[in-house]
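Please open the model in your viewer with the sequence panel beside it, and keep a cartoon view ready for the strands and a stick view ready for single residues. The tour goes from one selection to the next.

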Amino acid sequence: AYLFLQHHLGRITSNQWPYFRPELSLLHHMGIGSLKNSAAHLAIDFKTMDRTYVESGLLLTNILRVNYLNLFYYGLGGGVFYRYGPYALPTVSQNLAWKLVVTIGL
């Protein structure tokens, strides 16, 4: 089972610049799961989430926003997530995950 929560805080600048319209979002992800009959899955090496996997993060989208043929917009941004809880690793840097975000909007 997974739970994905996202709160979009909206644009953080004015309408001055057509190619720079950053938008901030807060995210929280959780997951838990198990596999009762792992012997039925041959030649597949995977791990289950028997304990709760938890991460939270920030996304900054549309740092660069480009109009494509007046049909839609491409947006480029980034974000960072932090893993905590039972699956947290020993150091802070090991728990950080940096993401590249590409969006397409009307």
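Begin by selecting β1 and β2, which pair in the antiparallel sense over 9 bridges; strands here are DSSP runs (E, at least two residues) and helices are runs of H or I of at least four residues, both numbered from the N terminus, and two strands count as paired if DSSP finds at least two bridges between them. To see one position of this pairing, show H8 as sticks and look across to S25 in β2, which stands opposite H8. The model is a predicted one, in which local features need pLDDT of at least 70 and side-chain atom pairs count only at pLDDT 80 or more, whereas totals for chains, interfaces and linings use all residues. Residues are numbered from 1 along each chain as its sequence is written, and side-chain values use heavy atoms, with hydrogens and water left out.

Next, keep β2 (residues 23-31) on screen and add β3 (residues 53-68), since the antiparallel pairing of these two strands runs over 9 bridges. Two bridges can serve as markers here: L24 has L60 as its partner in β3, and H29 has E55.

While β3 is displayed, select N62, which is found in this strand. Is N62 buried or exposed? With a relative accessible area of 10%, N62 is buried, where buried means under 20% relative accessible area, exposed means over 50%, and partly exposed lies in between (1.4 Å probe, protein chains only). The backbone of N62 also deserves a look, as its phi is positive, about 55°, although the residue is not a glycine. Most residues other than glycine have a negative phi.

Now add β4 (residues 72-84), which runs antiparallel to β3 and is joined to it by 12 bridges. Within this pairing, R65 has G75 as its bridge partner in β4, and N67 stands opposite Y73. Follow the chain from β3 into β4 and you will find a hairpin with 3 residues between the strands, where L69 in the turn has a positive phi of about 55°. N70 is found in the loop between β3 and β4 as well, and N70 too has a positive phi of about 55° without being a glycine. In contrast to N62, which is buried at 10%, N70 counts as exposed at 69% relative accessibility.

The following selection is β5, which pairs with β4 in the antiparallel sense over 10 bridges; at one position of this pairing, L76 stands opposite V102 in β5. With β5 in place, zoom out: the 5 strands form an open sheet in the order β1-β2-β3-β4-β5, with antiparallel pairing. Because β1 (2-11) and β5 (96-105) stand at the edges and each has a single partner strand, one side of each is left without a neighbour in the sheet. Neighbouring strands of this sheet are turned by 20° against each other on average, direction ignored, with axes taken as lines fitted to C-alpha atoms and angles from 0 to 180 degrees between N-to-C directions.

Staying in β5, select I104, which lies in this strand and counts as exposed at 60% relative accessibility. Which residues does I104 touch, not counting those up to four places away in sequence? They are F72, Y73 and Y74, with contact meaning heavy atoms within 4.5 Å. The C-alpha atoms of I104 and G75 are separated by 6.2 Å, although the two residues are 29 residues apart along the chain. Y74, one of the residues touched by I104, is found in strand β4 and is partly exposed, with a relative accessible area of 36%.

Finally, move to P86, whose place is in the loop between β4 and α1 (92-95). P86 counts as partly exposed at 40% relative accessibility. Leaving aside neighbours within four places in sequence, show R51 and T52, with which P86 is in contact. If you then draw a C-alpha to C-alpha distance from P86 to V54, the two are 8.1 Å apart in space and 32 residues apart in sequence.
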